[in-house]
There are 2 protein chains.
Amino acid sequence: MNGNAASGIGRAEYLVRRLEHFTRLSADDKRALDRIAAGPVQSLRPRDDLIHEGDRPEDVHLFLDGWACRYEMLEDGRRQLTSFFLPGDFCDMNVFILSRMDHSIAALTPLRVARISREALQEITLNHPRITQALWWSTLVTQAIQREWTVSLGQRTGYERLGHLLCELFMRLWMLGLTKDDTCELPLTQSDLADTVGLSAVHVNRTLQELRSRGLIVWKGRRLTIPDYPALQAASLFNPNYLHMNREGRHLDAND
Amino acid sequence: MNGNAASGIGRAEYLVRRLEHFTRLSADDKRALDRIAAGPVQSLRPRDDLIHEGDRPEDVHLFLDGWACRYEMLEDGRRQLTSFFLPGDFCDMNVFILSRMDHSIAALTPLRVARISREALQEITLNHPRITQALWWSTLVTQAIQREWTVSLGQRTGYERLGHLLCELFMRLWMLGLTKDDTCELPLTQSDLADTVGLSAVHVNRTLQELRSRGLIVWKGRRLTIPDYPALQAASLFNPNYLHMNREGRHLDAND
DNA sequence: CGTCCCCTTGAATGAAGTCAATACGCGTGG
DNA sequence: CCACGCGTATTGACTTCATTCAAGGGGACG
């Protein structure tokens with residue numbers, strides 16, 4: 001998807017775009033990111049696990065192309081998604097401190113992932129303080145998103161939860177330049193959504209119809225359109241502060 | 001509470017106890033932790049905010065004594081707790097990267113907190129790699145807890161959610177040496193619990209009665225007893241793996 | 001052309017919320 | 001010492017939201 005491979009876009013391109021919502025990177029920083037992203041690439045089909053609970057963590061991964069999710073299963077088969085990975089996302093930089101993974105990561109679409117060795121990452125954090133700061137920011141935003149999901153699941157109604165999630169995903173895609181006007185890709189099944197917002201698939205279906213009938217979303221095939229973003233935002237009590245997208249690290253900006 | 005002030009226990013004592021569930025610290029490490037915990041202490045009464053949404057983050061905090069929580073409010077007054085802070089907990093080591101807090105932190109009991117300057121923290125991470133690793137571990141566990149709350153809120157029933165939370169808190173207190181046999185302090189109101197597990201206070205009350213009537217908990221005043229931990233664990237689908245308490249960093253152990 | 005996966009719909013059931021009244025415990029001030 | 005007030009816990013009756021079960025429809029793909 002997105003045609004990266006074809007267009008020859010730099011591997012770290014999405015990562016760079018995302019980090020630049022925090023601080024402007026130098027040409028040298030960008031080269032460094034391209035270097036660490038240059039490792040072996042792994043391709044997965046939808047539903048394949050990239051990492052499985054119980055695995056011994058070894059490398060860090062950079063998502064190049066496609067969507068993935070973190071999930072956890074209960075003994076009796078209930079499944080909860082705990083985050084989405086979009087192009088340019090990293091999975092946690094320090095996992096190798098732990099001896100076993102406590103969750104799994106799976107592809108939701110055809111997926112391309114770059115493996116990044118511990119050493120490559122160490123090299124960059126030692127020599128590129130601006131990147132290090134930006135990666136820290138990224139980690140903090142990831143944690144904020146996780147907290148916001150807690151708030152959603154705990155306090156928002158099913159209707160608000162769905163709307164909130166769509167606002168969040170749209171905004172994350174927008175940061176990456178992966179939206180066009182009021183439209184983006186949404187390669188999820190209703191069942192994926194159900195396991196994300198903690199509703200049954202049937203009820204997700206009905207709730208989506210509610211959102212549609214109120215003109216807040218148009219979702220057909222894999223394209224989502226949000227005709228009136230502020231309206232969806234208001235209906236979902238979505239406040240984008242937690243995404244910290246306002247170049248909060250601008251005092252670190254490179255000047256080249 | 002817990003009488004720290006009176007007994008003259010080292011300020012970093014609970015932090016040390018917690019980190020030693022990851023790796024054994026040297027006497028020098030412990031002295032270093034005591035030094036960073038030596039900063040100014042702030043005392044709060046229950047319900048006071050330590051940090052308020054919108055604040056500019058400045059210092060890092062180490063919780064010395066008492067319970068606190070992170071919480072978020074929706075515009076219409078709904079409140080969700082997103083984590084608990086127990087003695088020896090840190091609030092996120094890198095917040096000062098962000099320009100504004102996206103959530104608040106409040107005292108649940110009388111609370112004592114040490115302010116730790118950015119510089120003091122930097123000094124320790126530069127000169128004490130073992131501590132740095134241990135703090136990283138701590139951050140990863142915090143994130144894992146946050147994910148587990150997401151799973152609870154999304155998939156577990158109200159009954160399971162409450163049981164799960166009590167298992168988790170008991171185990172965290174146990175790590176700190178703050179349990180005695182099958183009993184610990186639980187200085188929360190049913191309303192606090194409600195805002196944590198995403199149920200109404202009324203329903204928390206009924207669910208607690210259910211747990212009581214099945215003999216899984218005894219909760220009177222501020223003392224919680226779990227007569228049969230494995231039973232509560234099973235009833236709540238609680239799997240402690242995510243707490244990573246098995247000294248996973250033992251290869252870093254100090255040998256003094 | 002059939003199969004599989006996903007989406008959609010209806011009807012019945014169950015879980016949890018709301019509202020409202022009451023009870024309890026504890027500290028304060030008269 | 002007792003009365004009062006306040007925050008917290010408890011209970012009942014009713015409503016709303018969401019799940020479950022079951023059946024049918026549509027589209028992609030071999």
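This passage walks through the symmetry, the chain-chain interface, a sheet and the DNA-facing surface of a predicted model. Local features were kept at pLDDT of at least 70 and side-chain atom pairs at pLDDT 80 or more, while totals for chains, interfaces and linings use all residues. Residue numbers start from 1 along each chain as its sequence is written, and chains are lettered from A and ligands numbered from 1 in the order in which they are written.

Start with how the two copies sit. Two copies of a chain are related by a rotation about an axis and a shift along it. Here, a turn of 180° and a shift of 0.0 Å along the axis lay chain B on chain A with an RMSD of 0.0 Å (least-squares superposition on C-alpha atoms of residues with pLDDT of at least 70 in both copies). The pair is thus related as by a two-fold rotation axis. Both copies use the same surface, too: 100% of the contact residues of chain B recur in chain A.

As for that interface, 33 residues of chain B touch 33 residues of chain A, contact being C-beta atoms, placed from the backbone, within 7 Å. On the chain B side, β5 (79–85) and α5 (129–155) give two or more residues each (elements are DSSP runs numbered from the N terminus: helices are H or I with at least four residues, strands are E with at least two). The top contributor is α5(B), with 14 residues. By type, this side splits into 12 nonpolar, 15 polar and 6 charged residues; Ala, Val, Leu, Ile, Met, Phe, Trp, Tyr, Cys and Pro count as nonpolar, Asp, Glu, Lys and Arg as charged, and the others, Gly among them, as polar.

Chain A carries an open, antiparallel sheet of 4 strands in the order β2-β6-β4-β5, where pairing takes at least two DSSP bridges. At the edges stand β2 (49–51) and β5 (79–85) of chain A, each with a single partner strand, so one side of each has no neighbour in the sheet. Antiparallel β4 (residues 68–73) and β5 of chain A are joined by 6 bridges, with R70(A) opposite S83(A). Packing on this sheet is α5(B), which touches β4 and β5 of chain A and makes about 130° with the direction of β5(A) (axes are fitted to C-alpha atoms, for helices over the stretch in contact, with angles from 0 to 180 degrees between N-to-C directions).

Finally, the DNA. Of the 15 residues around DNA strand D, the nearest are G158(A), S200(A), V202(A), H203(A) and Q190(B), the cut-off being a backbone-placed C-beta atom within 6 Å. The largest share of this surface, 6 residues, comes from α8(B).

Conventions:
Two residues are in contact if their C-beta atoms, placed from the backbone, lie within 7 Å.
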